[in-house]
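This dialogue is a short tutorial on reading a structure. The learner asks about one feature at a time, and the teacher replies with the general idea and then the case at hand.

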Amino acid sequence: GQQLGVRVTLIDAQGHVLGDSAVPVDEIQNMHNHADRPEVQTAWQKGQGKRGRYSETLGTDMLYVAATLPGLLDGRMILRLAMPLRAVGEMKKPISRAIWMASAFGLVLALLLAYGSSRYVSRPIVDMTRVARDVASGIYTPRHPEGATSLELQDLASALDEMRRQIQGRIGQITLEKSRLEAVLA
C-alpha cells in the first residue's frame, strides 16, 4: 500500500478482512464483514469490480477497485485497492490540462492551415479579378494571372487572357475604322 500510495485490503471468501494497510493488525478482527460491499460482490461475480463511495472507516469518499486472486480459495479471495476520490481528481487535473492544451494547439494549427490554404487557393482568383478590372478600365497590358492552382482556375485564367486579347483586337479594329471614317469625312 505504501509503495502504491493506496489502501490495500485482503478479503477472504466469506468477506472477512485478513489484512488492511490502513488498519493496525490488532484491530483487523474488529472490522466489519466486507461481503456486502458492492465492489467485492461485483468482483466475486465478474472477477473484478469498482465503485466510488463513502468510507465510514476513513471518513472520506474513496474509489475502490477489487479483483479476485486466481488460485486462492477457488478464486474467491479478493484483493481490494482504495484511493481517496480527491486524489483521483488530483491525478486527473494534469491529464485534463494536457488534453486542453493539445486541443488548443490543434485548433490553432488547424486555423493556421485553413488560413494558409485559403490564401493559397484565393490568390489566383484575386489576380484574375485584378486582370478583369484592368480590362474593364481599358488597360490591356498582357498579363496572364499567375499561380492558378487547379485545372479549372488555369482554364479560367486562359479564357480571361483570351478575352483580353480579343477585346484589345476589337478596340484596335474599331479605332482603325474610326480613323478611316474620319479620313474619308475629312
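Q: Is Thr68 buried or exposed?

A: Buried means under 20% relative accessible area, exposed over 50%, and partly exposed in between, with a 1.4 Å probe and protein chains only. Thr68 has a relative accessible area of 18%, so Thr68 is buried. The model is predicted: local features need pLDDT of at least 70, side-chain atom pairs count only at pLDDT 80 or more, and totals for chains, interfaces and linings use all residues. Residues are numbered from 1 along each chain as its sequence is written, and side-chain values use heavy atoms, with hydrogens and water left out.

Q: In which element does Thr68 lie, and which residues does Thr68 touch beyond four places in sequence?

A: Helices (H or I, at least four residues) and strands (E, at least two) are DSSP runs, numbered from the N terminus. Thr68 belongs to strand S4, residues 60-68. Contact means heavy atoms within 4.5 Å. Once residues up to four places away in sequence are set aside, Thr68 touches Ala43, Trp44, Gly47, Gly75, Met77 and Ile78. From Thr68 to Gly89, 21 residues apart in sequence, the C-alpha to C-alpha distance is 26 Å.

Q: How many helices and strands does the protein have, and what pattern do they follow along the sequence?

A: There are three helices and five strands in the protein. Their pattern, read along the sequence, is β-β-α-β-β-β-α-α.

Q: Where is Ala22 found, and which residues is Ala22 in contact with outside its neighbours within four places in sequence?

A: Ala22 sits in the loop between strand S2 (17-20) and helix H1 (38-46). A relative accessible area of 39% makes Ala22 partly exposed. Apart from its neighbours within four places in sequence, Ala22 contacts Arg7 and Leu58. Ala22 and Ile167 are 145 residues apart in sequence, and their C-alpha atoms are 93 Å apart in space.

Q: What radius of gyration does the protein have, set against a compact globule of 186 residues?

A: The radius of gyration is taken over C-alpha atoms, and the globule rule is 2.2 Å times the number of residues to the power 0.38. A compact globule of 186 residues would have a value near 16 Å, but the protein has 41 Å. Along the principal axes, the C-alpha atoms fill a box of roughly 130 × 30 × 25 Å. Of the 186 residues, 24% are buried. Among contacts between residues at least 6 apart in sequence, 38% join residues at least 24 apart.

Q: Which side chains make polar contacts with the side chain of Asp161?

A: A polar contact is a pair of N or O atoms within 3.5 Å; within protein, one must be able to donate a hydrogen and the other to accept it, and residues adjacent in sequence count only if both atoms are side-chain atoms. The side chain of Asp161 makes such contacts with the side chains of Arg164 at 3.2 Å and Arg165 at 2.7 Å. Asp161 lies in helix H3, residues 151-185, and is buried, with a relative accessible area of 8%.

Q: Where is Arg165 placed, and what does its side chain contact besides Asp161?

A: Arg165 is also in helix H3. Its relative accessibility is 41%, so Arg165 counts as partly exposed. The side chain of Arg165 makes a polar contact with that of Glu162 at 2.7 Å. Between the C-alpha atoms of Arg165 and Thr141, 24 residues apart along the chain, the separation is 9.3 Å.
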